[in-house]
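Colleague: I am new to this structure and would like a close look at its sheet. Please go through it slowly, and explain each term when it comes up.

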Amino acid sequence: MGEVVATLKVMPDSPDVDREALKAAIEADIPSELHEITEEPIAFGLVALNVVFIVEDGEGGTEATEEFCAGLEGVASVEITDTRRLM
């Protein structure tokens, strides 16, 4: 099997969430290979984090990372926005 690069949009529950602390929590314990975290302004001061990571291609490959990020304090929702196979 190969590897998959996926992008996970992490939506904070309010504009007041400390994004730097959230980024640090993701970087410290993410259960996959982290590639990058970028910020995406949404509206009214709310900024989502786009977490790009690499996992093995297989059933349930992104689930552990989705569950991990959804369980962090200050996170309202998570959504896989892109997946691509690495050659």
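**The sheet and what packs on it**

Modeller: A good place to enter is a single pair of residues: glutamate 36 has valine 52 as its bridge partner in strand 3. Before going further, please keep in mind that this is a predicted model, in which local features need pLDDT of at least 70 and side-chain atom pairs count only at pLDDT 80 or more, while totals for chains, interfaces and linings use all residues. Residues are numbered from 1 along each chain as its sequence is written, and side-chain values use heavy atoms, with hydrogens and water left out.

The protein has two helices and four strands, where helices (H or I, at least four residues) and strands (E, at least two) are DSSP runs numbered from the N terminus. Read from that end, the elements follow the order β-α-β-β-α-β. The radius of gyration, taken over C-alpha atoms, is 13 Å, close to the 12 Å that the globule rule gives for 87 residues, so the protein is as compact as a globular protein of that length; the rule itself is 2.2 Å times the number of residues to the power 0.38.

The four strands make an open sheet in the order 2-3-1-4, with antiparallel pairing, two strands being counted as paired if DSSP finds at least two bridges between them. At the edges are strand 2 (33–43) and strand 4 (75–86), each of which pairs on one side only. From one strand to the next, the twist averages 20°, with axes fitted as lines to C-alpha atoms (for helices over the stretch in contact) and angles running from 0 to 180 degrees between N-to-C directions.

Crossing the sheet in that order, strand 2 and strand 3 are joined by nine antiparallel bridges. These two strands form a hairpin with two residues between them, and phenylalanine 44 in the turn has a positive phi of about 55°. Next, strand 3 is linked to strand 1 through eight bridges, again antiparallel, and in this pairing valine 10 stands opposite leucine 49 of strand 3. On the other side, strand 1 and strand 4 run antiparallel and are joined by ten bridges, with isoleucine 80 of strand 4 as the bridge partner of leucine 8.

Helix 1 lies across strand 1, strand 2, strand 3 and strand 4, at about 155° to strand 2. Helix 2 (residues 63–70) also packs on the sheet, where it touches strand 1, strand 3 and strand 4, and its direction makes about 155° with that of strand 4; contact here means heavy atoms within 4.5 Å.

How enclosed is strand 3? Ten of its eleven residues are buried, so strand 3 is largely enclosed by the rest of the structure. Buried means under 20% relative accessible area, exposed means over 50%, and partly exposed lies in between (1.4 Å probe, protein chains only). In the protein as a whole, buried residues make up 38% of the 87 residues.

A nonpolar core is a set of buried Ala, Val, Leu, Ile, Met, Phe, Trp, Tyr and Cys residues joined through side-chain atoms within 4.5 Å. The largest one here has 16 residues, of which Leu8, Val10, Leu22, Ile26, Leu49, Val51 and Phe53 touch the most other members. Strand 1 (3–12), helix 1 (19–29) and strand 3 (46–56) each supply at least two residues of this core. Leaving out residues up to four places away in sequence, leucine 8 touches, among others, Leu49, Val51, Phe53, Cys69, Val78 and Ile80. In soluble globular proteins, nonpolar side chains tend to be buried together.

Two residues of the edge strands give a contrast with strand 3. Glutamate 40, in strand 2, counts as partly exposed at 26% relative accessibility, and its contacts beyond four places in sequence are Lys9, Leu46, Val47, Ala48 and Asn50. Threonine 83, in strand 4, is partly exposed as well, with a relative accessible area of 47%; with the same neighbours set aside, it is in contact with Val4, Val5 and Ala6.

Finally, threonine 62 lies in the loop between strand 3 and helix 2. Threonine 62 is buried, at 16% relative accessible area, and beyond four places in sequence it touches Ala6, Phe53, Val55 and Ile80.
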